Amino acid sequence: MPTSTREPTTEPTQLRYEVADGVATITLDRPDRLNAFTPVMAAELARAAAAADADDAVRVVVVTGAGRAFCAGADLAAGPGALGDRARGGTGGGAEPGRGSVDGVPRDWGGIASLPFAALRKPVIAAVNGPAVGIGATLLLPMDVRIAAESARFGFVFVRRGITPEAASSWFLPRLVGISQAMEWVATGRVFDAAEALRGRLVSRVVPDAELLPTALGLAREIADNTSGVAVAAARQLLWSMLGEASPWDAHRAESRALAELTAGPDVAEGVAAFLAKRRPEFRAPLGDGAVAGVPRWPAPPGDVGP
């Protein structure tokens with residue numbers, strides 16, 4: 001496994017970023033505030049995602065929260081102005097990083113935090129401990145696998161605060177759980193438990209609290225130890241990209257090109273050799289910076305905070 005050479009260029013203050021054995025673990029780290037979300041945290045999450053994408057030593061990303069919560073939503077300690085600050089560009093208690101605009105208005109901080117995880121070419125596993133409310137819930141949506149502790153609670157509570165959902169969740173949520181379930185959760189804004197999240201397909205499994213991080217890291221290790229990084233990256237982008245295409249022929253076209261490029265590369269030869277020798281493969285093909293196996297990268301929105 002390559003040694004990690006990329007970390008966020010600015011030392012994070014509201015999260016921890018650690019790389020070991022092919023797995024980057026991002027831990028939201030404001031436990032005294034139940035990891036409440038701020039613009040500073042948004043910028044740090046964007047930088048952490050970019051660093052993980054660029055680092056050949058990282059094969060999988062795990063995101064979790066410190067203490068007894070994943071993320072209890074926006075930090076409302078400043079009172080009613082806190083949500084307005086998020087929309088108009090206030091700092092929410094910290095120095096505001098570069099933000100950018102969309103159609104003449106400031107970009108939503110939730111989208112600044114979530115979209116870099118959508119653009120990642122490596123699988124992302126969310127280990128949801130305790131409350132995941134507001135941005136704590138929408139931040140999860142671009143992640144590939146969401147595992148919940150029995151104590152986890154979820155809530156798309158935005159309409160109860162007088163605002164709409166954010167973090168591109170109006171695109172992600174209906175695709176993940178269906179429009180009917182998405183509208184029930186969004187229109188009521190109620191908080192629901194892990195069992196309901198499982199029934200509604202928001203999470204893939206629920207485990208006892210003590211087993212949450214070992215379960216997430218075990219899945220990450222299975223991916224890191226046994227799969228080709230370029231193949232997983234191409235598959236991730238294919239699966240997400242095809243959610244918006246018109247027909248299976250779009251998938252056939254993209255998959256044919258990906259297969260043609262991957263079979264000409266070194267990882268296929270290694271995968272076959274390892275299978276025949278009944279040993280673990282040692283895949284080494286780098287991702288590089290651009291498209292993987294002809295699968296285009298999702299464009300980064302203007303103003304994204306770089307690594």
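Reader: Is Glu261 buried, exposed or partly exposed?

Author: Glu261 is partly exposed, with a relative accessible area of 39%. Bear in mind that this is a predicted model.

Reader: Which side chain does Glu261 meet in a salt bridge?

Author: That of Arg257, with N to O at 3.3 Å.

Reader: Where do Arg257 and Glu261 lie?

Author: Both are in helix 10, four residues apart, which is about one turn of the helix.

Reader: Why do residues three or four places apart point the same way?

Author: An α-helix has 3.6 residues a turn, so residues with that spacing end up pointing the same way.

Reader: OK. Which residue forms a salt bridge with Asp250?

Author: Arg253 does, and the closest N and O atoms are 3.2 Å apart. This pair also sits within helix 10, which covers residues 248-263, and the partners are three residues apart, about one turn.

Reader: Is Arg253 buried or exposed?

Author: Arg253 is exposed, at 55% relative accessible area. Its partner Asp250 counts as buried, at 19% relative accessibility. The cut-off for buried is under 20%, so Asp250 at 19% falls on the buried side of it.

Reader: How many salt bridges are there in the whole structure?

Author: A search of the whole structure finds 14. One of them joins the side chains of Arg121 and Asp53, with a distance of 2.9 Å from N to O.

Reader: Which parts of the chain does that pair link?

Author: Distant ones, 68 residues apart. Arg121 is in the loop between helix 3 (109-119) and strand 6 (124-128), while Asp53 is in helix 1, residues 39-54.

Reader: And Arg121, is it buried or exposed?

Author: Arg121 is buried, with a relative accessible area of 1%. Asp53 counts as buried too, at 9% relative accessibility.

Reader: Let's stay with helix 1. How many residues does it have, and how far does it reach?

Author: Helix 1 has 16 residues and spans 23 Å from its first C-alpha to its last. That is close to the 22 Å expected at 1.5 Å a residue.

Reader: How many of the residues of helix 1 are buried?

Author: 14 of the 16, so helix 1 is largely enclosed by the rest of the structure.

Reader: At what angle do helix 1 and helix 3 pack?

Author: At about 10°, with the axes 8 Å apart. That makes helix 1 roughly parallel to helix 3.

Reader: Which residues meet there?

Author: From helix 1, Pro39, Ala42, Leu45, Ala46, Ala49 and Asp53. From helix 3, Trp109, Ile112, Ala113, Pro116, Phe117 and Ala119. Sorted by class, this contact has 11 nonpolar residues, no polar ones and one charged. Asp53 turns up twice in this story, as it is also the salt-bridge partner of Arg121.

Reader: New topic. How do the axes of helix 5 and helix 6 cross?

Author: They cross at roughly 125° and come within 7 Å, with helix 5 covering residues 169-177 and helix 6 residues 179-188. That angle makes helix 5 oblique to helix 6.

Reader: Which residues make the contact?

Author: Helix 5 brings Leu173, Pro174 and Val177. Helix 6 brings Ile179, Gln181, Ala182, Trp185 and Val186. The tally by class is seven nonpolar, one polar and no charged residues.

Reader: What about the loop between strand 9 and helix 5, which residue has its place there?

Author: Ala167 is placed in that loop, strand 9 being 153-155. Ala167 has a positive phi of about 60° although it is not a glycine. Ala167 is also buried, at 1% relative accessible area.

Reader: And what is the phi of Ala293?

Author: Positive, about 50°, and again the residue is not a glycine. Ala293 is found in the segment after helix 11 (266-277). At 10% relative accessibility, Ala293 counts as buried.

Reader: Last one: how many helices and strands are there in the chain?

Author: The chain has 11 helices and 11 strands. Of its 307 residues, 50% count as buried. Among contacts between residues at least 6 apart in sequence, 71% join residues at least 24 apart.

Technical notes: Residues are numbered from 1 along each chain as its sequence is written. This is a predicted model: local features need pLDDT of at least 70, side-chain atom pairs count only at pLDDT 80 or more; totals for chains, interfaces and linings use all residues. Side-chain values use heavy atoms; hydrogens and water are left out. Axes are lines fitted to C-alpha atoms, for helices over the stretch in contact, and angles run from 0 to 180 degrees between N-to-C directions. Helices (H or I, at least four residues) and strands (E, at least two) are DSSP runs, numbered from the N terminus. Angles under 35 degrees count as roughly parallel, over 145 as roughly antiparallel, 65 to 115 as roughly perpendicular and the rest as oblique. Contact means heavy atoms within 4.5 Å. Ala, Val, Leu, Ile, Met, Phe, Trp, Tyr, Cys and Pro count as nonpolar, Asp, Glu, Lys and Arg as charged, and the others, Gly among them, as polar. A salt bridge is a side-chain nitrogen of Lys or Arg within 4 Å of a carboxyl oxygen of Asp or Glu. Buried means under 20% relative accessible area, exposed over 50%, partly exposed in between (1.4 Å probe, protein chains only). The expected span of a helix is 1.5 Å times one less than its number of residues.
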